[in-house]
Each structure stands twice: as C-alpha cells, then as structure tokens.
Amino acid sequence: MAKLIGLTLVGLLLAFYKNHQSSYQTRLAAVREVTPVELPNCDLIKGIGMYMDEEVKYELRQRFTFKREEMNERIASVLQDSETVSPPAFLPAETGAEDLEILPNGLAFFSTGLEYPGIKSFDPNTPGKILLMNLNEKNPAVLELEITGNNFDKSSFNPHGVSTFTDEDNAVYLLVVNHPDFKSTVEVFKFQEEERSLLHLRTITHELLPSINDIAAVGPESFYATNDHYFADPYLKSWEMYLGLSWSNVVYYSPDKVQVLAEGFDFANGIGISPNGKHVYIAELLAHKIHVYEKHANWTLTPLKTLNFDTLVDNISVDPVTGDLWVGCHPNGMRIFFYDAENPPGSEVLRIQNILSEEPKVTVVYAENGTVLQGSTVASVYKGKLLIGTVYHRALYCDL
C-alpha cells in the first residue's frame, strides 16, 4: 500500500512538473521563430553596443590617452568608419540601450548599461550611462551626458526605464529607474540643455516600489511605475517568475500619495500614456498582452480592454502626433533569459494603430533573428525615423 501511495505521489509530481514546464515554455514563447521583416535603410548607432576583444582594447588604450572631457569630439573620428570598435574607457561596449525617450525637439535620451538578474551582461563592471542624440542632425551621434550633483553615486548607476516631463517653464526633467546594488530607486534629474548635462535633484524610494521596471512621468516627481516582480530579492524573483505567480503590479507615486492601482500581472513591463492623457497602456511581458486603462483625474485607473500577441511585449512608446503605440518585443523569451551566442535572441517591433477601436491595426514593422540586433526592448519614432534599442546589445536607426 505504501508503495502504491508513493508511486501515486511521484506520478502526480511528474504530471505537475510536465504541465508547469509546458506553461513556462508557452509564457517564454520558447519554440517561436521570427519571420524577418526588413526596413530599407538602417544603420547601427555608433557608440552603443560596439564589441571589442581584449587585444583591440589594449591597442586602443596605448594609442588614445586623451582626457575624458575630450571624448565626445574624438570618439566620432575613431568610430567614423567602424562598426566594431570603441574605446572601453569612454563608452560602454555591448551595453545596449534598454529604454529611450525622444523630446518634441528631437533630442533622444538613451538608458544604457543595464545589469538585471537573470539577463546576460557583456560589460558588468562598467556603470550605466545616459546618452543623448540629436535626431535633427544629418548624421547624428550619441554623447554621454555628464551627471552633476553631490548626492548621486555614479559608480553604482544601473539605469532601466526612463521618462521625461516638461513643465510650464519648459524645464525638462528626466526620471530614471535605477538599480544600485540591484535595489530599485527612481532618480530625478533636470536636463541642462546648454551644458549637455543632468543635474541630479533627488532619489525616490518606497516600499511599494520594490522592483521597478518602467515609469511614465506625470510631474517632476510624480509618475506611474510598473513593478515587474512582487519581491525585491533576486532569488525570490527567480522563483516568482518560474512559478508564474502573476503578483506584479502598477503603482502611482507622488510626494503626497502612493498607491497600487492595478495588479495580477505576469511581469508588468513597459508603460505609456496617450497624447491626450486619458489612457494608460501597460505591457504584460510573459502573458503577451497590452492592457488599456482609462486614467481619471484622481490618477486612478479603470481597465478598458486587452490586446493579445504571440510575442513578449516590452517597452511602449507612444507617438505624440498619431497616438500609435510602438513596442519593442522579444519573439523568443527563452533566448533572452538563457543566452546562447550560437542561437541569440531576435528582435521585433510592433506598431499598433487605433488601439481604442474595435479592430486595432497591428503591424510588424521590423523583425530580425539576432544577426544584427539582439533582444529589442524599445522602439520610438521621430519625423520618419525609427530608433530601436536592446537590453544588452546594440541600437538601430532606420528610415520608415
């Protein structure tokens, strides 16, 4: 009898494990292959995700000993005819651009150098940076924004999602999700356009913000934020994700009020707001969904509809002119979380038009198997140009 009970328990455990593994692979779209979709004219953005081997690094250190303040002028000439070399002491190598934000005047901010538990990092010992690119230039190049302020530790800067807010005096505030020592904070900067620098104003932490992924700013110190996990501890996060607990949420933060507005997500990820400010869009990465919420005057949210996809939806950018959603996606999540250089993760960009209508139009604008671009996380448009960023690889600049 004891053997029969033991055998039954083993059978039940094996059945549970098999069903769970099947569910886990479905959530990660583990068997999906991307169908390539090309754009007519794309260039890698020099200064983001340029790989170097150790011999090249050593040679460049011997040849170039200029000071850091000379970097932005000299780096352009060094990289002018190269897609594979960048001096390691001045710009990160293979650090990607996990998120980006474009101002109405064409200045684009890039969040680079993210280190995230369970995700590959090609350059783990280099602090993250915020880069700037002027899309109005004929051949735009990125430059690193100097961070000023006495209370900010640049050595532990680990930037993730970014969002901007412009006040009535046209002052621009850049809010950045930061993971110093794998904690979660929001750093508030004021953009100094003439100096091409960021003045650090304050660091925001809160118990309801344990694992921030992305933010949508609604004031200099107010925002909606997605927590991609319920737990803050990396070990507990891994089990939360593996078991599919769907405990992540969306929080509204202001100096006066902090509250959870929506919950029950399987890895809440990107978040965006419609141009008229009436709707909030939330990407649920491992459920392959984008949720549409109505935003009220008291900042609360009411669910309106949900769109389903066959890809893992990451960051959401909203075109301020058309209201279209541009979404960086992972066609196969297994390859993101379990990196194999011989079988790298691909990239995919979706455009969603008329999302509030009964039949939104969803178009795959760009898709690639990882040969050019690995692990796309964000896509955003400006005057017929498309920028695509990745979690740890490169960034692309394309004509539409």
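In this predicted model, the side chain of Ser376 places a polar atom 2.9 Å from the backbone nitrogen of Glu348. Ser376 belongs to strand S23, which covers residues 376-382. How buried or exposed is Ser376? With a relative accessible area of 0%, Ser376 counts as buried, because that value falls under the 20% limit for buried residues. Glu348 is one of several residues that touch Ser376 from farther along the chain: once neighbours within four places in sequence are left aside, the contacts are Gly328, Cys329, His330, Gly346, Ser347, Glu348, Ile388, Gly389 and Thr390.

Strand S23 also helps to line the largest pocket, to which it gives two or more residues. This pocket has a volume of about 1000 Å³. Its lining is made up of 37 residues, and those closest to the centre are Glu101, Ile102, Ile273, Val318 and Pro320. Besides S23, the elements that contribute two or more residues to the lining are strand S2 (99-102), strand S7 (159-166), S11, strand S15 (268-273) and strand S19 (312-318).

One of these lining strands, S11, can be followed into a sheet. Four strands form this open sheet in the order S11-S12-S13-S14, and their pairing is antiparallel. At the edges stand strand S11 (212-219) and strand S14 (258-265), each of which pairs on one side only. On average, and with direction ignored, neighbouring strands of the sheet are turned by 15° against each other. As a general point, strands of a sheet pair through backbone hydrogen bonds, either parallel or antiparallel.

How many bridges join S11 to strand S12? There are six, and the two strands run antiparallel, with S12 covering residues 222-227. Two of the facing pairs are easy to look up in the structure: Ala217 has Phe223 as its bridge partner in S12, and Ile215 stands opposite Ala225 of S12. S11 and S12 make a hairpin, with two residues between them. Although S11 is an edge strand, eight of its eight residues are buried, so S11 is largely enclosed by the rest of the structure.

Enclosed spaces come next. Rolling a probe the size of a water molecule over the atoms shows where empty space is left. The structure holds five cavities of 30 Å³ or more, and the largest of them contains about 150 Å³ of space. Which residues lie nearest the centre of the largest cavity? They are Ile119, Phe267, Asp314, His330 and Val391, out of 17 lining residues. His330 is also among the contacts of Ser376. S19 and helix H5 (333-337) each provide at least two residues of the cavity lining, and H5 gives the most, with three. S19 is thus a name to remember, as it also appears among the elements that line the largest pocket.

A final stop is Val31, found in the loop between helix H1 (2-27) and strand S1 (42-44). Val31 has a relative accessible area of 73% and is therefore exposed, the limit being over 50%. Ser376, by comparison, is buried. The C-alpha atoms of Val31 and Met334 are separated by 8.4 Å, while the two residues are 303 residues apart along the chain.

Note on methods: Residues are numbered from 1 along each chain as its sequence is written. This is a predicted model: local features need pLDDT of at least 70, side-chain atom pairs count only at pLDDT 80 or more; totals for chains, interfaces and linings use all residues. Side-chain values use heavy atoms; hydrogens and water are left out. Buried means under 20% relative accessible area, exposed over 50%, partly exposed in between (1.4 Å probe, protein chains only). A polar contact is a pair of N or O atoms within 3.5 Å; within protein, one must be able to donate a hydrogen and the other to accept it, and residues adjacent in sequence count only if both atoms are side-chain atoms. Contact means heavy atoms within 4.5 Å. Two strands pair if DSSP finds at least two bridges between them. Axes are lines fitted to C-alpha atoms, for helices over the stretch in contact, and angles run from 0 to 180 degrees between N-to-C directions. On a 1 Å grid over the protein atoms alone, a cavity is a set of points where a 1.4 Å probe fits but cannot get out, and a pocket is an open set with protein on both sides within 12 Å along at least five of seven lines; lining residues have an atom within 4 Å of a point. Grid points are joined across faces, edges and corners, and a volume is the space filled by probe spheres set on the points.
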